[in-house]
Amino acid sequence: MTTHTPTGTAKDAVKDAGLPSSGKAADIDKLDNRLSIEKSDPGRRGIAFKNLLKAKDNIPAGLARKTAPKLPELSELDVVRHYTRLSKMTFSVDANFYPLGSCTMKYNPRVNEEAAALEGFAGLHPLAHDDSSQGTLEMLYDLEKRLCALCGLDAFTLQPAAGAHSEFTGLLIAKAYFEKLGDGARTEIICPDSAHGTNPATASMMGFTPVNIKSGPDGRVDPADLKVHLSGKTAVVMLTIPNTLGIFESRIEEIADMAHKAGALVYMDGANFNALIGLVKPGDLGVDIMHINTHKTFSTPHGGGGPGAGGIGVKKRLEEFLPVPRVIKDGGAYKTDYNRPHSIGKVKAFFGNVGVLARAYAYLLMHSKKELAGIAENAILNANYMKSRLEAVYPAHSKEYCMHECVLTPPAELTAKGLKTLDIAKRLLDYGFHAPTIYFPLIVHEAIMIEPTETESKETMDSFVEAMLKIKNEGAADPQALKDAPHTMPVKRLDEVQAARQPNLRW
Amino acid sequence: MFIPTTEKDREEMLKAIGASSIKDLLKQVPAKYLYPAFDLPETSLDEQQTARRMKTLAAANTPALSFLGAGAYERYIPAAVKALISRGEYLTAYTPYQAEASQGILQTIYEYQSSVCALYAMDCANASMYDGASAFGEAVRAAVRVTGKKKVLCQETLNPQYLKTLKTYFANSKEYQFVTVPQKDGLMDTDKLPALLGADTACVAFQTPNFFGLMEDGHKISEAAHKAGALVVAAADPASLGLFTPPGEYGADFAVGEGQALGLPLSYGGPYLGLFACKKEYVRQMPGRIAGLTKDKDGKRGFVLTLQAREQHIRRDKAASNICSNEALCALSATIYLALLGPEGLKELGLANSRAASFAAQKLSSVKGAALKFKAPFFNEFVLDLQCDAAKLREKVLAKERIDIGLPLKDLYPALGTGALLVCATETKTEEDILRLEKALRENI
């Protein structure tokens, strides 16, 4: 990738970005800064439907639409140009290094896209007869099998549409399990304070009471504190491994043991599974339920926020609770099986985000056992390299080696001048880098969470490090320039307070 | 291929780190867990072999001329939609958390929300949900949050997938009561509605067209619900909204829909798109992400994610929903699709669907042993009443003619009998396709 490397001041950055001589990003946008509806010209059309069969229209006046919807009227070229232009105002993995911690912004192989778009997959109706769906069913069956092997678990469902949706599914399974045991007292879900927000949100959405436990000084779950909170009321201990500080729960054996002795289940949030793939089987750690995010570990694209695809893996004793349908192999044929009396039911219509799962499957086909371990090894190597190059200037939260991501903090020299992590993040945009995840995990003040992933090269990481070091010098020399960053984006910093106070959410 | 790190890079990086090997970096993982045995292939495929393997699998899905609907619809997807959403800038971006570097995506979300509002005649919309069924579940959740009431009325002819998902969304809350409003002639029996509604009712949640393809009378349902102080949650097929009354016109409080209809492939059930809109007084009860228009420090128009105090990453256990990843790229498809169609195209799309289904109903009901089950107006699907076992006929015709005649309803609605078949025809069906189906029925019933 190429990056323009500004030479020190914000003004220079503007020059380097090749903007009009006025240096105002606004000048570019004067050409065309309109919404699609503002480009609308009555009478224009982008597509027509001429296949109108001869039949009577059956639309009684009482059911007919009265006012036409306010949608843009544009030609096909208008539409193509409009959305091409907007695409250029968007950072992406394809164009920019995107070290967004906890999001695993790795490269998305193009062969996956081609595979998912094959008409045989894309054109298949979800209620198509099993006889017509053998290819998709075989793919799903084999994908589940491979995920079981990777995770050391006995059964997988691929129905959830995303990570949080998987958590929801996983907790439903736990609930069904305790219900079957006749144990109605288990109403609490224990999560550490370093957890992703989705963990406590899912717990409370499910009517459970989330119980927060404090991380110990090394960032790990403190078994002593866990012991205080574990009881006959605990349904699930929900852990992210490695956790959001990029640290492995080294005492997981003891933790899982304590949870199991208390009668609870252990749930692993697999958001950070990129650090373990091919290296560690979560099932070996005592995990009973875990989710994967195909859009993190298995290279499916993030699409600007989705669609992803989830998946829940479980140990044998929880298999009967998985959502329907299950894909089974019966002789030589694959079948959808709805006959699961203990199933939790459905978390969405139909099967799951199969188009996304096809991409994940293609990715798995391209990796042998050894190559899978190579993903985690290189993700870990890259994160430690970034950490070691940056921590002298940006103090690391943890002194030990990290797993796939590291959490840094701003230099004291900058914070003394009133500069914040946000200012550093915004200035990185001028250098052509997406900012790391900032202000998360919540337990680290002014956190800068960096996850380079295994697909980034040393050169790219070196240029990012160089930018981070320059930003520190810029901030020391001219704090205001940093507070005013970004300088080269289509807009300056935006007024979020106004956006929330006077919401303008539509044309 | 995907990992650029060479042996030389690795050595240099380890040296910079001060570690002797990768294993050295893994000290925090107890050794007994590392590098276990995996039951996975020792070898992998190269790109070409992978492409071939995937092609083989795709080809094992045997195509049929399909008249299946029931919540997922065969659509023509304009080439421009596919080309634009394949752009790497859209495909490989994350949620626009750094607004200044994501103005393009944020503007598309704003345009998406605006288009959904226009389509449904509602005040505000979010940036997308997983699918129609989960959007429906979340809308009912929002309605019970708003009202603090625990009784939910649903129509008997609600898509069973929606009902199952809805019940799952309330699985841990036993105090909620779901009451079915019975159907009469395929439509919600609105005469029965007042007696079922009470001061304890949170909402009436219904779908139109309903699962049988019939158009419900939103005005009547909404009037009865509001009279009793209950909210209205309406799920409407967006492709029908160029012709039929949008939820906002009959006063729905929450409106949802399956956005697959707006230019997304079937893909065996996903990724689809949950459309979610509401009246402005409920905007802070909306789940998921919302983009808003604002100004930058120079006063220039720009877009940000807003009202985030509802969301899990800020509110954690107090959030309106746990949703994080949504269906952004699918929402972009829908936005582009609607921009191509415009109001006139949407109407034409509706007509192409309603005419195809009307034509099919007319032809098929002329076949001996087949009749239309219900008389009410329908959009693009209808129930056919066959004087034979619909499931058996489906298998027979599929095997003989490679035509999937539709969805037999016996398992889902036993009361309709073994002959009930849900048949769908969208804009993709030509006169010739429908005549083929007619012939197949004529010869095989």
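Which helix of chain A does Lys426(A) lie in? Lys426(A) sits in helix H14 of chain A, which covers residues 421–430. The model is a predicted one.

**Around Lys426(A)**

Lys426(A) counts as buried, because 26 C-beta neighbours lie inside 10 Å and the cut-off for burial is 20 or more. Set aside its neighbours within four places in sequence, and Lys426(A) is in contact with Ala485(A), Pro486(A), Arg493(A) and Glu100(B). That list includes a residue of chain B, Glu100(B). Thr136(A) is another matter. Lys426(A) and Thr136(A) are 290 residues apart in sequence, and their C-alpha atoms are 44 Å apart in space.

Two of the contacts of Lys426(A), Ala485(A) and Pro486(A), share a cis peptide bond, with omega near 5 degrees. Pro486(A) is placed in the loop between helix H16 (479–483) and helix H17 (496–501) of chain A.

**The two chains**

The table sets chain A beside chain B.

| Feature | Chain A | Chain B |
|---|---|---|
| Secondary structure | 17 helices and twelve strands | 14 helices and 17 strands |
| C-alpha extent along principal axes | about 75 × 70 × 45 Å | roughly 80 × 55 × 45 Å |
| Buried residues | 59% of 507 residues | 62% of 445 residues |
| Contacts at least 24 apart, among those at least 6 apart in sequence | 72% | 73% |

Chain A has a radius of gyration of 25 Å. A compact globule of 507 residues would have one near 23 Å, so the value for chain A agrees with that expectation.

**Where the chains meet**

Chain A brings 175 residues to the contact, and chain B brings 170 residues. On the side of chain A that touches chain B, helix H12 (residues 369–390) of chain A gives the most, with twelve residues. By class, that side of chain A holds 91 nonpolar, 49 polar and 35 charged residues.

**A bent helix in chain B**

Chain B has its own helix H12, which runs over residues 328–364. How far apart are the end C-alpha atoms of this helix of 37 residues? They are only 40 Å apart. A straight helix would reach 54 Å at 1.5 Å a residue, and H12(B) falls short of that. H12(B) bends by about 95 degrees at Gly342(B). A proline, Pro343(B), follows within four residues. H12(B) is also mostly covered, with 34 of its 37 residues buried.

**The seven-stranded sheet of chain B**

Chain B holds an open sheet of seven strands with mixed pairing. The order is S2-S10-S9-S8-S7-S3-S4. Strand S2 (124–125) and strand S4 (177–181) of chain B stand at the edges. Each has a single partner strand, so one side of each is left without a neighbour in the sheet.

At the S2(B) edge, two bridges join this strand to strand S10 (residues 274–278) of chain B. The two strands run antiparallel. Cys124(B) stands opposite Cys278(B) in S10(B).

The loop between strand S9 (254–258) and S10 of chain B contains Pro271(B). The peptide bond from Gly270(B) to Pro271(B) is cis, with omega near 5 degrees.

**Backbone exceptions**

Most residues other than glycine have a negative phi, and most peptide bonds are trans. Both cis bonds described above go against the second part of that rule: Ala485(A) to Pro486(A) and Gly270(B) to Pro271(B).

Chain B also supplies residues with a positive phi. Asp185(B) has a phi of about 55 degrees although it is not a glycine. Asp185(B) lies in the loop between strand S5 (183–184) and strand S6 (187–188) of chain B. Leu307(B), not a glycine either, has a positive phi of about 50 degrees. Leu307(B) lies in the loop between strand S12 (301–305) and helix H11 (312–315) of chain B.

Are Asp185(B) and Leu307(B) buried or exposed? Asp185(B) counts as exposed, because it has 11 C-beta neighbours inside 10 Å and the limit for exposure is 12 or fewer. Leu307(B) is buried, because 20 other C-beta atoms lie within 10 Å and burial needs 20 or more.

Notes: Residues are numbered from 1 along each chain as its sequence is written. Chains are lettered from A and ligands numbered from 1 in the order in which they are written. This is a predicted model: local features need pLDDT of at least 70, side-chain atom pairs count only at pLDDT 80 or more; totals for chains, interfaces and linings use all residues. Two residues are in contact if their C-beta atoms, placed from the backbone, lie within 7 Å. Ala, Val, Leu, Ile, Met, Phe, Trp, Tyr, Cys and Pro count as nonpolar, Asp, Glu, Lys and Arg as charged, and the others, Gly among them, as polar. The expected span of a helix is 1.5 Å times one less than its number of residues. The bend at a residue is the angle between axes fitted to the seven residues ending there and the seven starting there. The radius of gyration is taken over C-alpha atoms; the globule rule is 2.2 Å times the number of residues to the power 0.38. Two strands pair if DSSP finds at least two bridges between them.
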